[in-house]
Each structure stands twice: as structure tokens, then as C-alpha cells.
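Work through these short exercises with the model open. Each task is followed by a stepwise solution.

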Amino acid sequence: MAALRFGFGRLNSHLWKRRSFLLLKLTAFVCSVLLFCEFFIYYLVILRCNWPEVKTAARDREPGTLKPVLNAMFLADTHLLGEIRGHWLDKLRREWQMERAFQTALWLLQPEVVFILGDIFDEGKWSSPQAWADDVERFQKMFRHPGHVQLKVVVGNHDIGFHYQMSRYRIKRFEKVFNPERLFSWKGINFVMVNSVALEGDGCSICSEAEAELVDISRRLNCSREHFPLYRPSDANCSGEDAAPPEEKAIPFKERYDVLSRAASQKLLWWLQPRLVLSGHTHSGCEVLHGARVPEVSVPSFSWRNRNDPSFIVGSLTPTEYALAKCYLPLEDTVLITYCAAAGFLVVLVLVHLGLVASPVLFGYKLLRKFKTM
């Protein structure tokens, strides 16, 4: 009888050890997958991004003539969800993605200034005072940055509304959080942040003030940043690997909605005489030339909510030259496929442990032996 009890005790101890070992393996595997998909993948992808080298003329390479290079990062259309259309799971997933991407890029690339080109929020044009405060608090947590890194934000239509939706209250609310300065200069480079929503050209008071402000600073401008793209009929002539899909390229753009009006675009080019224009709004990449000499680069959305392959742009800038490079973030599909594959592996592992299916290794070994004996 004592021997029988001892046998049962050893069996129970063996089963407990097997289950504990399985639980340990499952826990380690789940933690590894989570760490990879939620942390390490951002480092692996963004690590491939480097600051582009500015090509300088021979005369500028002489000792004493080298110009300081400003490292700037550009992203667009973060679209933080609000209380109206924001599902908690969507917020958790997409906002965590943007936070990890931004913080990883800051740590790896260490830019001196970051520009966000509009549509910071998805529901700024509708937000109540409390909802606005909540959205701003989430934004400041996600896009926190060291004191030596400057963050410059351009207003977008989702932040204050389109032309007839915007109001002085919404504009002032936005400018209270984000510095209202239009002209920003650093290392001899001038940047202008344009409220392109106000460039309707119909003489409204807000529009007139925005135009007067641009005329006032136009004499000192050599670089422009804005939310709406300058006028173009469609994306048909856009280049870039993350441009709009072929079926969307031929769809005509609506002036004052998808792009600035032709008249407003001509005014901006005349007033500001920029050597480079960067814009957001369309969620797709685009590289076009205006008047055969002014390049415009549309920055794709930074969020998985708007595209599977979000990205941002890094620029090395001097007072006379610039070089841009595109940096991609992890594909949302890659993360989802990794999770699905991991879930499938976990199911197989549990079934093998329970004896409901044969071990793949044992099955392969038996199959190999069978072929050898044939």
C-alpha cells in the first residue's frame, strides 16, 4: 500500500513538473512575441533610417565656409481619435504605435526639431472643452520630447475645421497649446508654418488676417511648411513608392478640400518664393514640381489608422542646400501576421502537450524513418 502511494506521488509530481514547464514555456514565448511586436520591431525598422548627406558646392567646403546643418524630422496626420468616433481598442492600438514609433525615432535619430504637418487630432473641430483637454493630454504624453528638441505644429482642417467651420475660438484654443508663431528661424534657415485652411480667398476676416501675416513675413522666407498641398489636379503625376494607389491617382482633386485652390497656391509661391514645400493632408506620399523649380513633398500619414505603411521624412538642411530621406515604420500587417502565427504555434504546443496531436518533430522523425526503410 505504501509503495502504491509512493507511485501515485511520483506520478503527480511528474505531471506537475510537466505542466509547470509548459506554463513557463508559454509565458516566455508570449512575452517574447509581445516584446518583439510592441518594442523591438520599431528599433529594427527605424534603425535602417539615416540622415541624408547634404551635397555642398566646392566653394562651401573650404575651411571657415562650412555651414551648420540642421537635422529636422517631418511627420503628418496623426489623427488622435476623440470621444465621438474613437473606440478604446482603436485608440490603444494606433496611439501606442505612434508613441513607440516617435519615441524610438527620437532616441535613434536625435533630431533637433520636429514638424507635425497638421491634423494632429481627428475631432478638434467638434471637441468640447473637456474632450479637447483630454486629447491634448494624450498628445503631450505620446509626443513627449527632451527640452533641447523643438516641436513645431501646423494646424490642419481636423484641428479647427474647414473654412466655414473654423472659428476664432478654435484657432485660439489650438494656438494656446501650440505656439502660434508663423515664422521660425534656426541656423540661418527660415520656416513658415502656413494655416492653409484660412487661404480661401473670399475676404473673410480670418482669411484676410492670415494673408496679411504671410505678406508681412514673405520678404524673409526661404522655406515653407503647410498642411494642405498646393494645387494639383490629381495625384496622377506623383512619384514616390508610397504614393496613392493607381486606382486613386486619376481621381480629380477638389480645390479647397483636397488641395489649395489654384489662386491660393499661386499667391503662396509668389509671396514666399520657397525653395521647398512640405505638406500633409492626403495621407499618401507625393513628390511634384511647381513651376519647374519649386519641389513639393507630401508627407504620408504617421498612423496605422490611415495606412498600412506609415512613414516620416528626415531632412538635413543648410541655408542654401537640403537633402531629404524617407523613413518607414513597421507595417501593421507584419505585426498582425506575427501575432496570428504566434497564436497558431501556441495552440499546436498545447495540443501536443495534451496528446491530442502528434509532436511535429516526432511526426517528422517517423516519416523520415519510413522513407529510409522503403
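**Exercise 1. A strand pair**

Task: Find the bridge partner of Ser316 in E11, then describe how E10 and E11 are joined.

Solution.
- Start at Ser316. Its bridge partner in E11 is Ala323.
- Keep in mind that this is a predicted model.
- Now place the two strands. E10 covers residues 311-317, and E11 covers residues 322-328.
- Check the direction. The two strands run antiparallel.
- Count the bridges. Seven of them join E10 to E11.
- Trace the connection. A hairpin of four residues leads from E10 to E11.
- Add a general point for looking at side chains. They alternate between the two faces of the sheet in a regular strand.

**Exercise 2. An acidic residue in a helix**

Task: Decide whether Asp90 is buried or exposed, and list what surrounds it.

Solution.
- Locate the residue. Asp90 belongs to helix H2, which spans residues 88-109.
- Apply the cut-off. Buried means under 20% relative accessible area.
- Compare. Asp90 has 18% relative accessibility, so it counts as buried.
- Look for a polar partner. The side chains of Asp90 and Arg94 make a polar contact at 2.4 Å.
- Go further along the chain. Leaving out residues up to four places away in sequence, Asp90 touches Leu81, Glu95 and Arg305.

**Exercise 3. Positive phi angles**

Task: Where do Gln110 and His283 lie, and what is the phi of each?

Solution.
- Recall the background. Most residues other than glycine have a negative phi.
- Take Gln110. Its phi is positive, about 50 degrees, although Gln110 is not a glycine.
- Place Gln110. It sits in the loop between H2 and strand E2 (113-117).
- Judge its exposure. The cut-off for exposed is over 50%. Gln110 has a relative accessible area of 58%, so it is exposed.
- Turn to His283. Its phi is also positive, near 75 degrees.
- Place His283. It lies in the loop between strand E7 (277-279) and strand E8 (286-290).

**Exercise 4. The whole protein**

Task: How many helices and strands are there, and what percentage of the residues is buried?

Solution.
- Count the elements. The protein has ten helices and eleven strands.
- Take the buried share. Of the 374 residues, 46% are buried.
- Examine the contacts between residues at least 6 apart in sequence. Of these, 75% join residues at least 24 apart.
- Finish with the surface. The accessible surface is about 19800 Å², and carbon and sulfur atoms account for 61% of it.

Key: Residues numbered from 1 in each chain as written. Predicted model: local features only at pLDDT ≥ 70, side-chain atom pairs only at ≥ 80, totals over all residues. Heavy atoms only, no water. Pairing = 2+ DSSP bridges. Buried < 20%, exposed > 50% of the residue type's maximum accessible area, 1.4 Å probe, protein only. Polar contact = N/O pair within 3.5 Å; in protein donor to acceptor, adjacent residues only side chain to side chain. Contact = heavy atoms within 4.5 Å. Areas by Shrake-Rupley, 256 points an atom, 1.4 Å probe, with all protein chains shown as cover.
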